[in-house]
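I am opening the notebook on this model. My plan is to look up the contacts between chains first, then the contacts with DNA.

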2 protein chains.
Amino acid sequence: MERAIRYSQKRADILAAIQGTDCHPSAEWVYQQLKPSHPGLSLGTVYRNLIFFRQQGLIQSVGVVGGQERFDGTLTPHSHFVCDSCGSVLDLPGIHPDGDLDQTVSRQYGLSVQRHELTFHGLCQSCAQSQSNQSDQNNKEETSA
Amino acid sequence: MERAIRYSQKRADILAAIQGTDCHPSAEWVYQQLKPSHPGLSLGTVYRNLIFFRQQGLIQSVGVVGGQERFDGTLTPHSHFVCDSCGSVLDLPGIHPDGDLDQTVSRQYGLSVQRHELTFHGLCQSCAQSQSNQSDQNNKEETSA
DNA sequence: CTCATTAACAGTAGTAATTCTTATTACTGT
DNA sequence: ACAGTAATAAGAATTACTACTGTTAATGAG
C-alpha cells in the first residue's frame, strides 16, 4: 500500500554525481555534468531530485554561495570553507565544534535544534595569491603614475 | 576633492530600522517598515543601502533564508538560530566557538580565513509546538478513518 | 546667494535562479 | 495486457535582486 520510491537511472546518476565529487556542486553544475550522458535531462529534474535527496537525508545543503545553492554528498560532521572571491567550497574534516552543542543550545534557549553549520569565509590559497599580486601591480601603477 | 559620503534621512532611517530590531530583517521587510513614513521609498534604494552598509562594516549578512538575504545590525560575535519552518532568525549571544578558530583553520589548511558563521537549524518553540499539535491531529484523523 | 557638480534617489526594465504546471513516459502490481 | 502512479521534459511563471535612466537635492567654490 505504501508508495514505492523508484530509482531511475537519472535519479541514481544525479546522486552519484554529487557523491562522486568534492566540489560541492550547484544544481547547474550537476546538470552540465550529466547532460552529455543524459541528453534529455531537464534542469527541473535535477532540482526536484536534489530536494528529494535532501529530504531523504542522502545529501545536505552547504548554503547559498554567489546566489546558487550548493550541495554536499558527505554526511559525516564537518565544516566548510567558502572562498568569497572564486566561490569554491572546501571541506574541513578536522574542524567541528563539540557534538553536544546542538543539545546545549536546545536546552539553553528552549529550541528544537536539529543541526548546525560552521562555515568559514575568506580567500583560498590561489585567490589570496592572485590578490596580493594584483595589489603589487596596483602599487607599481600608483608609484609609477 | 574627495567624494563626500552623504547621509540622507532615508539612508539614516534604513540603518536605524536594521539596528532597531532583532528580527534580522530582509530588504523587503525594511522596505515595508519604512514605506508609511517614506511614501516615495524605492526598494532599490533599500537594496543599495544594505550593500553600502555592509561595505562600511555597519551591518552584516546572516545568510539566505527562504531565498531572501537576511541582515543583522549587531556586530559583536555571536551565533544564529534559523527556524526551518517559519524562517525566523534568533541571536544566540552566549554561543560562539573559540576566537582563535579562524587562525587555526588558516594555519591548518593554508587559507586566508577572515570570519566564520555558526548557524543552528531546527524548529523554534512555537513551530515545534504547532507541529506536534498537527501530528496529533493527523494521528486522530488516521485512527478515526 | 548662485551655480556647477555629483551623490542619492525613484521608477522601471531586466536578469538569473528556482519553482510550478502540464502533458507525457515508464515502471509496478494485478 | 492493463490500470494506477511515480518520474520526467519542456517551458512558463515567480521571485529576489540588479542595472539603467532621468530627477532631486546636498555640497562647496566663487
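**Chain against chain**

I began with polar contacts between chain A and chain B and got twelve residue pairs, both residues at pLDDT 80 or more. I took a polar contact as a pair of N or O atoms within 3.5 Å; within protein, one must be able to donate a hydrogen and the other to accept it, and residues adjacent in sequence count only if both atoms are side-chain atoms. This is a predicted model, so local features need pLDDT of at least 70 and side-chain atom pairs count only at pLDDT 80 or more, while totals for chains, interfaces and linings use all residues. Residues are numbered from 1 along each chain as its sequence is written, chains are lettered from A and ligands numbered from 1 in the order in which they are written, and side-chain values use heavy atoms, with hydrogens and water left out.

Next I asked which elements form the side of chain A that touches chain B. Strand E4 (89-92), helix H4 (101-109), strand E5 (112-123) and helix H5 (125-144) of chain A each give two or more residues. I use DSSP runs, numbered from the N terminus: helices are H or I with at least four residues, strands are E with at least two. E5(A) brings the largest share, twelve residues. By class, I find 16 nonpolar, ten polar and five charged residues on this side of chain A. Here Ala, Val, Leu, Ile, Met, Phe, Trp, Tyr, Cys and Pro count as nonpolar, Asp, Glu, Lys and Arg as charged, and the others, Gly among them, as polar.

I then took the contact list: 31 residues of chain A touch 31 residues of chain B, contact meaning heavy atoms within 4.5 Å. The two chains bury about 2,500 Å² between them, and 65% of it lies on carbon and sulfur atoms. Buried area is the accessible area (1.4 Å probe) that two parts lose on being put together, summed over both.

**Salt bridges**

How many salt bridges run between chain A and chain B? I count two, with a side-chain nitrogen of Lys or Arg within 4 Å of a carboxyl oxygen of Asp or Glu as the criterion. In one pairing, Arg115(A) meets Asp84(B), with the closest N and O atoms 3.1 Å apart.

Over all chains the structure holds six salt bridges. I also noted Arg54(A) with Glu69(A), at 2.8 Å between the closest N and O atoms. That pair links distant parts of the chain, 15 residues apart: Arg54(A) sits in helix H3 and Glu69(A) in strand E2 of chain A.

**Symmetry**

I laid chain A on chain B. The RMSD is 0.3 Å, after a turn of 179° and a shift of 0.2 Å along the axis. The two copies are therefore related as by a two-fold rotation axis. The superposition is by least squares on C-alpha atoms of residues with pLDDT of at least 70 in both copies. Of the residues of chain A, Leu118(A) comes closest to the axis, at 2.3 Å (C-alpha). The same surface serves both copies, as 100% of the contact residues of chain A recur in chain B.

**DNA strand D**

I turned to DNA strand D and found 19 residues around it; Ser8(A), Lys10(A), Arg11(A), Gly40(A) and Thr45(A) come nearest. A residue is near if one of its heavy atoms lies within 4 Å. Of the strand D atoms within 4 Å of the protein, 73% belong to sugar or phosphate and the rest to bases. H3(A) gives the most to this surface, three residues.

I checked phosphate oxygens of strand D. A polar side-chain atom of Lys10(A) lies 2.3 Å from one. For Tyr47(B), a polar side-chain atom is 2.7 Å from a phosphate oxygen.

**DNA strand C**

Around DNA strand C there are 19 residues, and Tyr47(A), Ser8(B), Arg11(B), Gly40(B) and Thr45(B) come nearest. Here 75% of the strand atoms within 4 Å of the protein are sugar or phosphate, the rest bases. H3(B) gives the most, with three residues.

Which part of strand C does the side chain of Arg6(A) approach? A polar side-chain atom of Arg6(A) lies 3.3 Å from a base oxygen. Lys10(B) places a polar side-chain atom 2.7 Å from a phosphate oxygen of strand C.
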